[in-house]
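Welcome, and please have your viewer ready. We will go through the model stop by stop, with something to select at each one.

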Amino acid sequence: MSERDRKQTEGLLIDAVAKLLAEKGFAALGINAIARRAGVDKVLIYRYFGGLPQLLEAFARTPEYWSSYEEMAGGDLTSLNELPVPKRLATIVNGMGKAFRKRPMSLEAMAWETVESNKLTRILAEAREHSGKRLLSQLGIEPGNDEYMAFALLSAGVLYLSMLARHEEHWAGIPIQSPQGWKQIEQGVSRMLNAIDKG
């Protein structure tokens with residue numbers, strides 16, 4: 001098999017992981033189901049990746065699982081970096097919410113982490129934690145200060161509401177399945193982070 005064919009097959013397998021997560025959840029992830037969805041022999045999962053954990057690690061490194069700093073920033077890193085830190089954090093927290101609402105498989109994976117801890121969920125959790133630390137480094141935020149804690153709590157809240165919106169229409173009276181509801185949330189995030197600067 002040529003290198004091009006191998007890359008194509010690897011892509012099919014990673015895509016199959018994403019689709020199964022989005023459609024059926026973590027419980028559907030198995031060697032046979034992934035191979036069947038990708039339309040390839042399951043032997044290729046072992047040959048190209050070494051097994052299911054390594055395939056999941058490859059998936060976790062893709063932009064389909066975790067959005068880039070640039071995407072969260074709305075594509076304009078120069079303008080973002082010129083903003084005061086609270087406004088920069090608000091842009092990233094709100095951008096993170098938008099990015100993840102476009103990634104149902106990532107929301108499904110994070111939701112599964114809240115109900116079960118196993119080798120597969122830990123792989124994705126570690127990838128998410130690594131990406132989060134890199135993001136904070138790019139933002140120039142020191143662990144432990146007020147801005148760090150506000151970012152950690154608000155981003156967790158936005159991700160939780162994004163997960164909840166897959167099945168629920170409201171949270172605390174806010175319509176979390178509508179653009180109007182998310183506009184309210186984004187305005188609240190901005191106000192809270194700006195309050196740190198004034199405090």
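## Starting inside: helix 8

Begin by selecting helix 8 and colouring Met 105, Ser 106, Leu 107, Glu 108, Ala 109, Met 110 and Ala 111, which are its buried residues. Keep in mind as you look that this is a predicted model. Seven of the 10 residues in this helix, which runs over residues 104–113, are buried, so helix 8 is largely enclosed by the rest of the structure.

What covers those buried residues of helix 8? Add helix 1 (3–24), helix 4 (52–60), helix 7 (85–101), helix 9 (119–139) and helix 10 to your selection, since these are included in the cover.

## Next stop: helix 8 against helix 9

Now hide everything except helix 8 and helix 9. Their axes lie 10 Å apart, and the two helices pack at an angle of about 115 degrees. That angle makes helix 8 roughly perpendicular to helix 9. The crossing of the two is left-handed.

To see who makes the contact, show side chains on both partners:

- From helix 8, select Ala 109, Met 110, Trp 112 and Glu 113.
- From helix 9, select Thr 121, Leu 124, Ala 125 and Arg 128.

Try colouring this contact of helix 8 with helix 9 by residue character: you should find five nonpolar residues, one polar and two charged. Ala 109 and Met 110 of helix 8 deserve a second look, as they take part in this contact and are also buried.

## Into the nonpolar core

Bring the whole chain back for this stop. In soluble globular proteins, nonpolar side chains tend to be buried together. Here, the largest nonpolar core has 63 residues, and the members that touch the most others are Ile 34, Leu 56, Phe 59, Ile 92 and Phe 151. Helix 10, residues 146–164, contributes the most to this core, with eight residues.

Next, centre the view on Phe 59. Which residues does Phe 59 touch, leaving aside those up to four places away in sequence? Select Ile 14, Val 17, Ala 18, Leu 21, Tyr 65, Met 105 and Leu 124. Two of these names are familiar: Met 105 is among the buried residues of helix 8, and Leu 124 belongs to the helix 9 side of the contact you have just seen.

## Zooming out

Finally, switch to a cartoon of the full chain. You will see 11 helices and two strands, in the order α-α-α-α-α-α-α-α-α-α-β-β-α along the sequence. The C-alpha trace spans about 60 × 35 × 25 Å along its principal axes. Of the 199 residues in the chain, 45% are buried.

Technical notes:
Residues numbered from 1 in each chain as written. Predicted model: local features only at pLDDT ≥ 70, side-chain atom pairs only at ≥ 80, totals over all residues. Heavy atoms only, no water. Core = buried A, V, L, I, M, F, W, Y, C linked by side-chain atoms within 4.5 Å. Buried < 20%, exposed > 50% of the residue type's maximum accessible area, 1.4 Å probe, protein only. Helix = DSSP H or I, 4+ residues; strand = E, 2+ residues; numbered from the N terminus. Contact = heavy atoms within 4.5 Å. Axes fitted to C-alpha atoms, helices over the stretch in contact; angles between N-to-C directions. Parallel < 35°, antiparallel > 145°, perpendicular 65-115°, else oblique. Left-handed = near helix turned anticlockwise from the far one by under 90°. Nonpolar A, V, L, I, M, F, W, Y, C, P; charged D, E, K, R; others polar.
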